[in-house]
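Please find below a short note on the structure, set out as numbered points. It moves from one group of strands to the whole protein, and then to a single residue and a helix.

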Amino acid sequence: MAEVIRMPRMSDTMEEGNIIGWLKKEGDKIEPGQTLAEVETDKATMELDAYVEGVLLHIAVKEGSVPIDGVIAVIGKPGEDWQAAITGAAGGSVAAAPAAAATTAAPAVAEAVAAPAAAASEDQHVKASPLAKSIAKESGVNLSQIQGSGDHGRIVRRDIEAFLQTGPVATPVATPNPVATKMETPVSAPLNMASEGANFEDVPLSQMRKVIARRLGESMFTAPHFYLTVEMDMSKAMQLRTQLNEIAPVKLSFNDLVIKAVAAALRSHPNINSSWLGDKIRINHDINIGVAVAVEDGLLVPVVRHADRKSLSQVNQEVKILAGKAKERKLQPDEMSGNTFTISNLGMFGIEEFTAIINPPDACIMAVGGIIEKPVVKNGE
C-alpha cells in the first residue's frame with residue numbers, strides 16, 4: 001500500500017508545522033533523502049525529506065498549518081489508490097478532510113499575491129528562505145534570476161540584497177492615495193476624515209510568533225516572577241576588555257564578558273542553575289547559557305553549551321556563529337535546547353533597564369541594560 005506522509009515533530013516544542021512550499025509536485029519520482037517541502041516550525045524553517053521511494057501521488061496540504069501527525073502527502077507506485085491509503089491510515093475515517101485542507105490557504109494567498117502568475121509559479125519551485133521570498137515579493141524580484149549562496153544553493157537574504165544592488169528590479173505600481181487626492185483638490189466643505197474608514201493591515205502570525213506568545217504567556221502567568229535590579233560599576237570591565245582585545249585573536253564584546261561572568265557565578269551558585277519540572281527541581285551540573293537573539297519573526301535563543309569551560313574567544317566565536325544562523329533561520333533544534341540559564345542583552349540598543357520573561361524551563365533570566373556615564377557617590381562624595 002502507498003505510504004502516507006505525516007507532519008513530523010521537528011522540535012521539542014513543536015505542535016504544528018507551517019508548510020511554506022513544496023519542492024516536488026504530484027507525479028514526480030521520489031528517492032529517499034530528497035527534500036519534499038519546506039516547513040516552518042516554532043524555531044526554524046526546515047526541510048522535510050522523503051524516507052520512502054516512489055511517486056508523489058497526492059499533496060494533501062499545499063500551504064498552511066498542519067498539526068503533528070497530520071496527513072500532508074502520499075507516496076506510492078504509479079496509479080496506486082492514494083485515497084485508500086489515507087482511509088486505511090485513518091482507520092476507516094473519511095479521506096475527504098485532507099483534500100479540503102489543501103485549499104484552506106489558497107484564497108488568502110491569491111488575494112495577497114499581485115505578481116504575474118508565471119513569475120509566482122516559478123518562485124514556488126525555487127529554493128529560498130522564507131525571509132528571502134518575502135523580500136523578493138516586496139521588491140518585485142523573480143527568484144529564478146538569482147543564484148543562491150546558502151546551503152545546497154538556497155537563496156538567502158544576502159543574495160536578494162546583492163541582486164537589488166546590481167540587478168533589475170520591477171517597478172512597483174503606484175496606488176493612488178484617496179486621502180492625498182482629496183487634500184490636493186479644492187473643496188468647499190471641510191474634509192471629514194472619519195468617512196475614510198480605519199487604515200490598518202492585518203499580518204498573519206508566523207509559527208514562531210504563535211509559539212512565543214503561547215510559551216511566554218504561560219511562563220508569565222504560571223511561574224511567579226520577581227525582579228532584582230543591581231547597578232554595577234563597569235569601569236574595570238571596560239579596562240579589562242581593552243587589555244584583552246590587545247592580545248585576543250578576536251574582538252571581544254561586553255556580551256562575551258557577561259556570558260563568562262554568569263557562567264562563573266552559576267558554578268558558584270548551582271541552585272540558580274536549575275529547572276522547574278512540575279513535580280521536582282532539577283539542579284543542572286552543566287552550565288548551558290541561552291542567548292536571546294532578535295530575528296525578523298520574533299526571538300530565538302541559541303545555547304552556548306558548557307560556557308564555564310570555554311575561553312572568552314571561544315564564547316565570542318560560538319555566539320557569532322549561532323546568532324548568524326538564527327538570523328538566517330538555520331539553527332537546528334539541538335542548538336536551541338538544553339539551556340539552564342538565559343541572558344537577554346539590550347544594552348547595545350541604548351536600553352538602560354528592562355524586565356524579561358523567564359525562558360522555560362529555566363529558573364532565571366538576566367536582563368542586561370547598557371553602560372552609561374553618570375555621577376555616583378563614592379566614599380561620601
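In which sense do strand β2 and β4 pair, and over how many bridges?

1. The model discussed here is predicted. In it, strand β2 (residues 16–22) and β4 pair in the antiparallel sense, and four bridges link them. One position to inspect is W22, which stands opposite A37 in β4.

2. Strand β4 also pairs with strand β5 (residues 45–49); these two run antiparallel and are joined by five bridges. Here E40 has T45 in β5 as its bridge partner. Together β4 and β5 form a hairpin, with four residues between the two strands.

3. Is strand β4 largely enclosed or largely open? Six of the six residues of β4 (residues 35–40) are buried, so the strand is largely enclosed by the rest of the structure. As background for reading any strand, side chains in a regular strand alternate between the two faces of the sheet.

4. For the protein as a whole, the count is 11 helices and 16 strands. Of its 381 residues, 38% are buried. The accessible surface comes to about 22,700 Å², and carbon and sulfur atoms account for 57% of that surface.

5. Contacts may also be sorted by separation in sequence. Among the contacts in the protein with a separation of 6 or more, 57% are between residues 24 or more positions apart.

6. Residue H58 is a useful single example. It lies in strand β6 (residues 54–59). Why does H58 count as buried? Its relative accessibility is 7%, and buried means under 20%, so H58 falls in that class. When neighbours within four places in sequence are left aside, H58 is in contact with E26, I72, A73, V74, W82 and I86.

7. Helix α10 (residues 254–268) permits a simple check of length. With 15 residues at 1.5 Å a residue, α10 should span 21 Å. The expected span is 1.5 Å times one less than the number of residues, which is why the calculation does not use the full count. The end C-alpha atoms of α10 are 21 Å apart, which agrees with the expected span.

8. Which residues of α10 are buried? They are N255, D256, L257, V258, I259, V262, A263 and L266. The cover over these buried residues includes the helices α9 (235–245) and α11 (312–327). Strands β11 (289–291), β15 (341–345) and β16 (365–368) are also included in that cover.

Technical notes:
Residues are numbered from 1 along each chain as its sequence is written. This is a predicted model: local features need pLDDT of at least 70, side-chain atom pairs count only at pLDDT 80 or more; totals for chains, interfaces and linings use all residues. Side-chain values use heavy atoms; hydrogens and water are left out. Buried means under 20% relative accessible area, exposed over 50%, partly exposed in between (1.4 Å probe, protein chains only). Contact means heavy atoms within 4.5 Å. Accessible areas come from the Shrake-Rupley method with a 1.4 Å probe; for residues, only the protein chains shown count as cover. Two strands pair if DSSP finds at least two bridges between them.
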